[in-house]
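Colleague: I should like to go through the architecture of this protein with you before planning any bench work. Could you please bring up the sequence and the model?

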Amino acid sequence: MSLPKIDPTTTKAWPKLEAHFKTTKEIHLKDLFAEDADRGRTFSIQWKDFLVDFSKNRITTETFSLLQELAQEVGLQQAISSYFKGEPINETEGRAVLHTALRAKKTDRIMLGGSNVVDEVYAVKKDIKSFTDAIISGTKTGFTGKAFTDVVNIGIGGSDLGPAMVVESLKFYKNHLRTHFVSNVDGDHVHETLKELNPETTLFVVVSKTFTTQETLSNATTIKKWFLQHATQQDIAKHFAAVSTNTEKIAEFGISDSHVFPMWDWVGGRFSLWSAVGLTIALAIGFEKYDQLLQGANEMDTHFKETDFSGNIPVVLALISVWYNNFYGAETEAIIPYTQYLGRFSAYLQQGIMESNGKSVDRNGKITPYQTGTIIWGEPGTNSQHAFFQLIHQGTKLIPSDFIGFKNSLHGDSDHHNKLMANFFAQTEALMNGKTQQEVIAEFKESGKSEKEVNALVPFKVFEGNKPTNTLLIDRLTPKSLGSLIALYEHKIFVQGVLWNIFSYDQWGVELGKQLAKKTLSDIENSEISKHDSSTMRLLQYFKK
Ligand SMILES: O=P(O)(O)OC[C@H]1O[C@H](O)[C@H](O)[C@@H](O)[C@@H]1O
């Protein structure tokens, strides 16, 4: 069975939401809190070591129930079941979407084409374990017999962002291996990285689902050439590993069979860190902790699959996001983690969210008459407070934001952590409450300013407030809680795709870019330039001169 193909605007809930929006859009969050003393509890979900508070949103109990009606009417429950069962919900590519199988329990059975994919997943996990154990312990060595000290992940997009984000996020748990990520086709990236490396003690992991991506193959080839300046062809087998679905191409590159880790076409690139694409993660933190990351994701999968919509974290966050995107016309969402470790989290989510739901054709092949994918951005707090928060507080745009914080720090320095978390709580409160004219005047009066001075400054110091936020307060940043957090956003993406009636698991827009770059490269390398518009033509001629 495929996904339902229901245009959300044709549901009964949609016009009800439109009417409801008209009557509630002026409501201030402060008033909603004044009406219900227990609002913070009413609109929050406590699940394992997560407390998700969504009370600081412009929703009433009626909004919440209408949004759930919408989810029922577009067939979300059936869609969730199709997703987990491995039905070919990636219809335009004729594939299942089974990253959830990568973190399934060993005893689970997920049948695809007559075989249980969980068995295949566990066979590869076994290989990942023995390979990473041997590299970390130093039993597998480089060509001069020395233990490995450095690992370079060569990949781009999903073959880079996931592993890079997780390794950075779990830096606290890292072992002695230094990790590097080379992704950009810009030579600065690879050449700068090579300066830091010793060929005798560096392991290169080439990660590419297709093994045809220009950036990855160029970087891998440059690195191989560099390596061969110091070693022999035979030594490549010891220093290179590969992760791909395309085993033929790997063989052409000269990587030894025992260092090849397969993945499957039912894993999308941007959801692949749970597969062997996460090899660099397993190398950096060890297999056991890598497996805890997978367990955390599996727990979120179970929560998502089995919980009613009203208490289901990914569903609730997706519905709220749709409320702002499609009714308030909000275009962007900010993700603000209050830990430096999650510095790459929003960059990672940009691919996950924008590549998945950046679509304008629905599942019936028609242009969507409504908005779809949100623009995602963000930086850790408190740095972001001193950068772009001004616009969130007092700008003209509505920017719903997710604040992600941790009850306990990893460093144990309570002075720093208390200050950090004071900012974390104070910001969402300030974004909600704002500051009224009366409050500003009272403050000025206390500071002894004249009436003239006060009147001149008051308008600039008033904060409207009413800025929506979700607060995700998690016990501690661990491999497991990170796994759950990532899976939460993966499922939010899925729910939004279902609500918008779009296909979230293809990326034809990116494919186009790949084809065009090939044609332009031949224009640059050959004497003749093919046909272009006058701007591109002039730029190419200028570049070649
Ligand atoms: O893993 P690869 O096949 O090299 O693909 C790397 C990336 O290529 C494109 O940018 C796709 O849109 C991404 O989804 C993918 O992650």
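Colleague: In which order do the five strands of the open sheet follow one another?

Modeller: This is a predicted model, in which local features need pLDDT of at least 70 and side-chain atom pairs count only at pLDDT 80 or more, while totals for chains, interfaces and linings use all residues. Residues are numbered from 1 along each chain as its sequence is written. Helices (H or I, at least four residues) and strands (E, at least two) are DSSP runs numbered from the N terminus, and two strands pair if DSSP finds at least two bridges between them. The pairing in this open sheet of five strands is parallel, and the order is β6-β5-β7-β8-β9.

Colleague: By how many degrees are neighbouring strands of this sheet turned against each other on average?

Modeller: At the edges stand β6 (178–182) and β9 (260–262), each of which pairs on one side only. With direction ignored, the average turn between neighbouring strands of this sheet is 15 degrees.

Colleague: Which residue in β7 stands opposite V151?

Modeller: Strand β5 (residues 150–154) runs parallel to strand β7 (residues 202–207), and five bridges join them. Across from V151, the residue in β7 is L203.

Colleague: At about what angle does helix α9 run to β5?

Modeller: Axes are lines fitted to C-alpha atoms, for helices over the stretch in contact, and angles run from 0 to 180 degrees between N-to-C directions. Contact between two residues requires that their C-beta atoms, placed from the backbone, lie within 7 Å. Helix α9 (residues 214–228) lies across β5, β6 and β7, and its angle to β5 is about 145 degrees.

Colleague: Turning to the other sheet, why is one side of β1 and of β11 left without a neighbour?

Modeller: Six strands form this open sheet, with mixed pairing, in the order β1-β2-β13-β12-β10-β11. The edge positions belong to β1 (44–47) and β11 (375–377), and one side of each has no neighbour because each has a single partner strand.

Colleague: Which residue in β13 stands opposite G405?

Modeller: Strands β12 (residues 401–406) and β13 (residues 469–474) pair in the parallel sense over six bridges. In β13, the residue facing G405 is L473.

Colleague: Across which strands does helix α14 lie?

Modeller: Helix α17 (residues 414–433) lies across β12 and β13, at about 155 degrees to β12. Helix α14 (residues 313–328) runs at about 155 degrees to β1, and the strands it lies across are β1, β2 (50–53), β10 (332–337) and β13.

Colleague: In which hand does α14 pass α20?

Modeller: The axes of α14 and helix α20 (residues 479–500) are 8 Å apart, at an angle of about 50 degrees. That makes the two helices oblique (angles under 35 degrees count as roughly parallel, over 145 as roughly antiparallel, 65 to 115 as roughly perpendicular and the rest as oblique). A crossing is left-handed if the near helix is turned anticlockwise from the far one by less than a right angle, and right-handed if clockwise. The crossing of α14 and α20 is right-handed.

Colleague: Which residues in α14 meet α4?

Modeller: Helix α4 (residues 61–73) packs on α14 at about 105 degrees, with the axes 10 Å apart. The two helices are therefore roughly perpendicular. From α4 the contact takes T63, L67, Q68 and A71, and from α14 it takes V315, L319 and W323.

Colleague: In which loop does T382 lie?

Modeller: The peptide bond from G381 to T382 is cis, with omega near 10 degrees. T382 lies in the loop between β11 and α16 (389–394).

Colleague: What is the phi of K48, about?

Modeller: K48 is in the loop between β1 and β2. Although K48 is not a glycine, its phi is positive, at about 45 degrees.

Colleague: Finally, which of the residues around the ligand come nearest?

Modeller: A residue is near a molecule or strand if its C-beta atom, placed from the backbone, lies within 6 Å of it. The shell around the ligand holds two nonpolar, nine polar and three charged residues, where Ala, Val, Leu, Ile, Met, Phe, Trp, Tyr, Cys and Pro count as nonpolar, Asp, Glu, Lys and Arg as charged, and the others, Gly among them, as polar. Of the 14 residues around the ligand, the nearest are G157, G158, S208, T213 and G269.
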